[in-house]
Amino acid sequence: MSAMARLSQADLVDLNNTFNQRTPQELLAWAVDVFGDRIAAMSSMQLAGNVICHMISGMPSPMPVVFVDTGVLFQETLDTRDRLSSEYGLTIRTLQPALTMQQQTEQLGILYLTTDGQKQCCELRKNVPLDAVKGDYDALIGSLRRADGGRRGTCPILSVDTRLNLLRVNVLANFSDEQMQEYIAANSVILNPLHDQGFSTIGCNRCTTPVLPTEPKRAGRWRHLGPWSVYCGINPTDMDPERAPAVDMPQDLVDRILGRTTDFSI
Ligand code: SF4
């Protein structure tokens, strides 16, 4: 087995600059080539995640899709997952929290009504369940887009995920709203029907409302908490930056990621 090496966010700067010129499909092909079967896609069964599901469904052996079911999702979201599974032939790995929402409420109260409680609830119902994939993959395909603004306005294509010790690969980072709509129309991508009811983004049924056409896309997330809660933390680049983020991976994998030729053993 290859010796371990450290891969920091700073190591990825040049590659991220180069990758800004690549299409999502080119980035997906690169990721499959580098990570083989140690890769999965993440989807919350809304717009961008569904586009990724469609893109990978056309690949020779589609990677699995990881989906966190918090137990308080809309039925339409679960139905969308089932359609993507049956109609696109995808393997969807559904992760769930240890407690039902009722058990959690009995033990801890209604957490999502305060900003601190929301952080704890998202931690318990989204981030801890996702910890189950740690060690299974070296990369996760994400669906963050710069066109969504806010923290995502500058999200990198490649970012290290120190919690899961893997690389996040946001293949749609540069995909504009127009490109998304064109791709969806051209390929009749299966969509979560809630988008037609005014939901621009879709999370838990407790914490998501539709938005007005004049509002920012994420205005419907945690609306009851005011403008302080906008992200849940399941995507690390949404949160405050860590000081020197880095992950530990086998040296030969780090070399493959960075496109280095391994001539040191000659
Ligand atoms: S979005 Fe709301 S209900 Fe869902 S995990 Fe976060 S705080 Fe809890």
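These legends describe close-up views of one predicted model.

**View 1. Six strands build an open sheet.**
The strand order is 4-3-2-5-7-6. The pairing is mixed. Strands of a sheet pair through backbone hydrogen bonds, either parallel or antiparallel. Strand 4 (92-95) and strand 6 (158-161) stand at the edges. Each has a single partner strand, so one side of each is left without a neighbour in the sheet. On average, neighbouring strands are turned by 30° against each other, direction ignored.

**View 2. Strand 5 pairs with strand 2 and with strand 7.**
Strand 2 and strand 5 pair in the parallel sense, over three bridges. Here I39 stands opposite A139 of strand 5. Strand 5 and strand 7 (residues 166-170) also run parallel, joined by four bridges. Look for L140 opposite R168 in strand 7. Look too for G142 opposite N170 in strand 7.

**View 3. Strand 5 is covered on both faces.**
In a regular strand the side chains alternate between the two faces of the sheet. On one side of strand 5 lie A139 and I141. On the other lie L140 and G142. Are these four residues buried or exposed? All of them are buried.

**View 4. Helix 3 is mostly covered.**
Helix 3 spans residues 47-57. How many of its eleven residues are buried? Nine are. Among them are L47, V51, I52, C53, M55 and I56. What do the buried residues of helix 3 pack against? Their partners include three strands' worth of neighbours to find in the view: strand 2 (39-42), strand 3 (65-68) and strand 5 (139-142). Helix 2 (24-35), helix 4 (75-88) and helix 7 (177-187) are partners as well.

**View 5. The largest nonpolar core has 47 residues.**
Which residues touch the most other members? They are I52, A139, I141 and V169. Helix 3 gives this core its largest share, seven residues. Now pick out I141. Leaving aside residues up to four places away in sequence, I141 touches L28, A31, I39, A41, M42, I52, V169 and V171.

**View 6. A second core is separate from the largest one.**
This second core has nine residues. Members include L111, C122, C204 and W222.

**View 7. The ligand is surrounded by 13 residues.**
Which residues are the closest? They are Y112, C121, C122, C204 and C207. Two of these names, C122 and C204, also appear in the second core. By class, the shell around the ligand holds seven nonpolar, three polar and three charged residues.

Methods. Residues numbered from 1 in each chain as written. Predicted model: local features only at pLDDT ≥ 70, side-chain atom pairs only at ≥ 80, totals over all residues. Near = placed C-beta within 6 Å. Nonpolar A, V, L, I, M, F, W, Y, C, P; charged D, E, K, R; others polar. Buried ≥ 20, exposed ≤ 12 C-beta atoms within 10 Å, placed from the backbone. Helix = DSSP H or I, 4+ residues; strand = E, 2+ residues; numbered from the N terminus. Contact = placed C-beta atoms within 7 Å. Core = buried A, V, L, I, M, F, W, Y, C linked by C-beta atoms within 7 Å. Pairing = 2+ DSSP bridges. Axes fitted to C-alpha atoms, helices over the stretch in contact; angles between N-to-C directions.
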